[in-house]
Amino acid sequence: MTTESDITPSAADRHHPMLKLALELGPLMIFFFANLRGQWLVEKFPALSELGGPLFVATGLFMAATVISLVVSKIVLGHLPIMPFVSGIVVVIFGSLSIWLQNETFIKMKPTIVNTLFGVALLGGLAFGRSLLGYVFNAAFQLDAEGWRKLTIRWGIFFLFLAVLNEVVWRNFSDDTWVAFKVWGTMPITVIFTLAQMPLVLKHSINLETDGEK
């Protein structure tokens, strides 16, 4: 099974940008809606009551939507974006444990596990002299070694920040607040952080064609 970076645009990605966005955001929107209207869904589809309360119903539908989005991505776009792929595996494992044990803790800790995994992998790679972010982003843009090092450190710390933030929210606020934060909070924070890295990217960008002519 092959995977590619979700920000490494393939020809299919460029031809189906809205589909790619829908596949990434769709499962989250379904999770939010199902949690918000969990009781209504159970009344319309009584079989869903077997999953448990609203958050468990939302978790079950989130798992199904995540698997469907990965399958469609593989068929239509021709690859599995690495971050949604890893996240999807954790969703299925922790979502299944949550429903089976009727314990909300597992699905609530999923973002913590995923973000910690990415953060430790990036920072750990630097400790061994490898900027793993370069392998992910190198088809999108080219940076010098110092640029990759700085960007990797920033993203590694940012992923760990998201992990801590998720722990703070789910342990101190209601289920509805946590779900809303997961959908409407994490994405804007990530977009703002990404845009904030553009000065560094521009400063350390290199032109391979120009360098090759020298």
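**Close-up views of helix packing and confidence in a predicted model**

**View 1. Residues in contact between helices α4 and α5.** In this predicted model, the α4 residues Phe-56, Thr-59, Gly-60, Phe-62, Met-63, Thr-66, Val-67 and Leu-70 meet Pro-84, Phe-85, Gly-88, Val-91, Val-92, Gly-95, Ser-96, Ser-98 and Ile-99 of α5. Sorted by class, this contact of α4 with α5 comprises ten nonpolar and seven polar residues, with no charged residues.

**View 2. Geometry of the α4 and α5 pair.** Helix α4 (residues 54–77) packs with helix α5 (residues 82–101) at an angle of about 150 degrees, and their axes lie 9 Å apart. Because angles over 145 degrees count as roughly antiparallel, α4 and α5 are therefore described as roughly antiparallel to each other. The crossing in which α4 passes α5 is left-handed.

**View 3. Packing of helices α8 and α9.** The axes of helix α8 (residues 145–172) and helix α9 (residues 175–196) are 11 Å apart, and the two helices pack at an angle of about 160 degrees, which makes α8 roughly antiparallel to α9. Here α8 passes α9 in a right-handed crossing. The residues of this contact of α8 with α9 comprise eleven nonpolar, four polar and one charged; among the participants are Arg-154, Trp-155 and Phe-158 in α8, and Trp-178 and Phe-181 in α9.

**View 4. Confidence along the chain.** The protein has a mean pLDDT of 80, with 82% of its residues reaching 70 or more; confidence is highest in α8, at a mean of 92, and lowest in strand β1 (residues 3–4), at 44. Over residues 1–9 pLDDT stays under 50, although the model has 28 contacts beyond four places in sequence for them, and over residues 208–214 pLDDT likewise stays under 50, with two such contacts. Where pLDDT is low, predicted coordinates should not be read in detail.

Note on methods. Residues are numbered from 1 along each chain as its sequence is written. This is a predicted model: local features need pLDDT of at least 70, side-chain atom pairs count only at pLDDT 80 or more; totals for chains, interfaces and linings use all residues. Side-chain values use heavy atoms; hydrogens and water are left out. Axes are lines fitted to C-alpha atoms, for helices over the stretch in contact, and angles run from 0 to 180 degrees between N-to-C directions. Helices (H or I, at least four residues) and strands (E, at least two) are DSSP runs, numbered from the N terminus. Angles under 35 degrees count as roughly parallel, over 145 as roughly antiparallel, 65 to 115 as roughly perpendicular and the rest as oblique. A crossing is left-handed if the near helix is turned anticlockwise from the far one by less than a right angle, and right-handed if clockwise. Contact means heavy atoms within 4.5 Å. Ala, Val, Leu, Ile, Met, Phe, Trp, Tyr, Cys and Pro count as nonpolar, Asp, Glu, Lys and Arg as charged, and the others, Gly among them, as polar. pLDDT is the predictor's confidence in each residue, from 0 to 100.
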